[in-house]
Amino acid sequence: MWMIWLVELAVVLLLLGGGWSLLSRRGGVDRGEALTLRRVDAYIETIRRERSNAALVAMSDSELRDLLHAGARNLRLASERKGWTLLGVAGATLVCTIVAANQDGLRGSAIALVVGALVTYGLNEFLSRRMREPLEKRGIDVDRLRVE
């Protein structure tokens with residue numbers, strides 16, 4: 001019985017830590033914005049130097065800057081939405097784990113945690129691919145715009 005409480009406590013602490021990290025990332029928006037603009041300018045220089053994507057090379061600097069800056073902003077917003085969605089799924093997993101632990105003990109708790117982990121992993125992969133897809137269609141390297 002004490003193992004169930006230990007598992008529940010660990011999952012609650014993980015959720016609190018995840019929520020705290022999501023909330024604490026909001027600070028330093030101006031620094032992040034300045035870094036994004038520097039990354040965009042550096043990527044524009046790379047596009048002009050490499051000349052590998054004809055559609056991007058044909059754009060003017062202002063068009064390309066607007067496109068890349070909007071793409072980086074959309075990527076950041078999608079990443080934040082993904083984080084909140086995954087936190088919600090982790091919360092639902094916690095509730096399901098508690099219910100399963102009360103009904104079936106440690107075995108039910110373990111099954112609920114494994115299923116919740118698989119669902120969370122699959123959702124993370126799906127949302128990650130979906131947020132990168134619009135930029136990759138245009139031939140933009142998403143990793144060059146990402147600010148961590």
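Where does Arg51 lie? Arg51 sits in the loop between helix 2 and helix 3 (54–57). Let us start from that spot and then walk through the rest of the chain.

This is a predicted model, in which local features need pLDDT of at least 70, side-chain atom pairs count only at pLDDT 80 or more, and totals for chains, interfaces and linings use all residues. Residues are numbered from 1 along each chain as its sequence is written, and side-chain values use heavy atoms, with hydrogens and water left out.

**The loop residue**

Arg51 is not a glycine, yet its phi is positive, at about 55°. As background, most residues other than glycine have a negative phi. Arg51 is also exposed, with a relative accessible area of 59%. Here buried means under 20% relative accessible area, exposed means over 50%, and partly exposed is in between (1.4 Å probe, protein chains only).

**Overall build**

The chain has 5 helices and 0 strands, and from the N terminus on its elements run α-α-α-α-α. The radius of gyration of the chain is 21 Å, well over the 15 Å that the globule rule gives for 148 residues, so the chain is more spread out than a compact globule. That radius is taken over C-alpha atoms, and the globule rule is 2.2 Å times the number of residues to the power 0.38. Helices (H or I, at least four residues) and strands (E, at least two) are DSSP runs, numbered from the N terminus.

Along the principal axes, the C-alpha atoms fill a box of roughly 65 × 30 × 15 Å. Of the 148 residues, 30% count as buried. Among contacts with a separation of 6 or more, 70% come from residues 24 or more positions apart; a contact means heavy atoms within 4.5 Å. The chain exposes about 9,800 Å², and carbon and sulfur atoms supply 61% of that area, as given by the Shrake-Rupley method with a 1.4 Å probe.

**Charges and salt bridges**

There are 21 positive and 17 negative side chains, and the centres of the two sets lie 1 Å apart. In this count Lys and Arg are positive and Asp and Glu negative, while His and the chain ends are not counted. Each charge is placed at NZ of Lys, CZ of Arg, CG of Asp or CD of Glu.

Side chains of opposite charge can pair when their charged atoms come close. A search of the whole structure finds 9 salt bridges, each a side-chain nitrogen of Lys or Arg within 4 Å of a carboxyl oxygen of Asp or Glu. The table shows some of them.

| Acidic partner | Basic partner | N to O distance |
|---|---|---|
| Asp41 | Arg65 | 2.9 Å |
| Glu136 | Arg132 | 3.3 Å |
| Asp141 | Arg144 | 3.4 Å |

Asp41 and Arg65 form a salt bridge. This pair links distant parts of the chain, with Asp41 in helix 2 (residues 29–50) and Arg65 in helix 4 (residues 61–137), 24 residues apart. Asp41 is partly exposed at 31% relative accessibility, and Arg65 is partly exposed at 34%.

Glu136 and Arg132 both lie in helix 4, 4 residues apart, about one turn of the helix. Glu136 is partly exposed, with a relative accessible area of 42%, and Arg132 counts as partly exposed at 21%.

What about Asp141 and Arg144? Their side chains meet in a salt bridge. Salt bridges that share partners join Glu50, Asp141 and Arg144 into one network. Asp141 is partly exposed at 31%, and Arg144 is partly exposed at 33%.
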